[in-house]
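Trainee: Got a minute to go over a model with me? I'd like to practise reading one residue by residue.

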Amino acid sequence: MINVVSKSANLSPYLKATSQAVASSVKPLVKPAVIPVTTQVRWAHTDIQVPDFSSYRRKATRDPTSKNVNSDESRKAFTYLIVGGGAVATAYAAKTVVRQLVSTMSASADVLALAKIEVKLSAIPEGKSVTFKWRGKPLFIRHRTAQEIETERGVPLAELRDPQHDNDRVQKPEWLVLIGVCTHLGCVPIANAGDFGGYYCPCHGSHYDASGRIRKGPAPLNLEIPTYEFQTEELLVVG
């Protein structure tokens with residue numbers, strides 16, 4: 001008989017347990033089987049060959065114990081080559097992007113078609129002024145007579161608000177090319193009208209002579225002269 005006494009700080013009072021083992025006369029019917037224990041051992045393969053990449057390496061790096069000093073210059077050259085090639089490719093790509101961006105902001109084909117206008121001078125009789133549309137603005141082309149030319153050339157510059165001689169406003173004396181927009185508030189003057197026989201703006205009473213110079217009224221400047229050229233004696237190109 002075995003007596004077991006357990007003492008614990010958390011248990012009070014003491015606990016006492018008794019156990020007794022009694023021999024039995026009953027024999028087991030079947031003998032316990034003996035289970036054999038086997039041990040498995042794994043062996044590493046020693047016949048596997050590690051690949052040799054020495055033939056793909058540079059001669060300066062085949063020896064693992066040597067310092068990589070001799071190949072520094074060759075590696076620098078290769079690095080410079082890669083950096084230079086990348087810089088050239090980047091610059092070319094940037095130029096392409098900028099060119100495409102600028103082309104999207106340029107004028108369209110219909111706008112470029114109106115950039116210039118051709119006028120047949122034979123269709124304008126002497127003493128008449130014909131109005132055309134150019135770049136969304138009225139364009140006055142006047143076929144002046146010899147009397148109008150003489151009159152405008154004889155005007156003293158001291159009488160003009162915006163002094164300009166008639167010879168400075170025409171390429172050929174008989175042809176006067178103007179933009180028909182009043183310099184006061186942007187109105188469109190009437191041709192062959194006004195106190196000086198040139199152009200008259202009825203909105204605020206500005207009078208221009210046959211050279212397009214302001215002579216009376218609130219307009220501060222003469223009528224604007226566009227860029228033009230005579231390609232032939234009968235063909236005028238404005239723009």
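**Three residues, one by one**

Mentor: Sure. Ser129 sits in strand E4, which covers residues 129-134. Keep in mind that this is a predicted model.

Trainee: Is Ser129 buried or exposed?

Mentor: Look at its relative accessibility, which is 18%. The cut-off for buried is under 20%. So Ser129 counts as buried.

Trainee: Which residue's side chain makes a polar contact with the side chain of Ser129?

Mentor: Start with the contacts of Ser129 beyond four places in sequence: they include Phe140, Ile141, Arg142 and Tyr199. The polar contact between side chains is 3.4 Å long. The partner of Ser129 there is Tyr199.

Trainee: Moving on, how far apart in space are Gly180 and Thr131, C-alpha to C-alpha?

Mentor: Gly180 lies in the loop between strand E6 (175-179) and strand E7 (190-191). In sequence, Gly180 and Thr131 are 49 residues apart. In space, their C-alpha atoms are separated by 8.2 Å.

Trainee: And what is the relative accessible area of Gly180?

Mentor: Leaving out neighbours within four places in sequence, Gly180 touches Pro138, Phe140, Cys187, Val188 and Pro189. Gly180 is buried. Its relative accessible area is 0%.

Trainee: What about Val102: which residues form a nonpolar surface patch with Val102?

Mentor: Val102 belongs to helix H1, residues 72-105. At 48% relative accessibility, Val102 is partly exposed; a patch residue needs over 30%. The patch has about 410 Å² of accessible area together. Val102's partners in that patch are Val98, Leu101 and Met105.

How values were computed:
Residues numbered from 1 in each chain as written. Predicted model: local features only at pLDDT ≥ 70, side-chain atom pairs only at ≥ 80, totals over all residues. Heavy atoms only, no water. Patch = residues over 30% accessible without salt bridge, like charges linked within 9 Å, V, L, I, M, F, W, Y side chains within 5 Å. Areas by Shrake-Rupley, 256 points an atom, 1.4 Å probe, with all protein chains shown as cover. Salt bridge = Lys/Arg side-chain N within 4 Å of Asp/Glu carboxyl O. Helix = DSSP H or I, 4+ residues; strand = E, 2+ residues; numbered from the N terminus. Buried < 20%, exposed > 50% of the residue type's maximum accessible area, 1.4 Å probe, protein only. Contact = heavy atoms within 4.5 Å. Polar contact = N/O pair within 3.5 Å; in protein donor to acceptor, adjacent residues only side chain to side chain.
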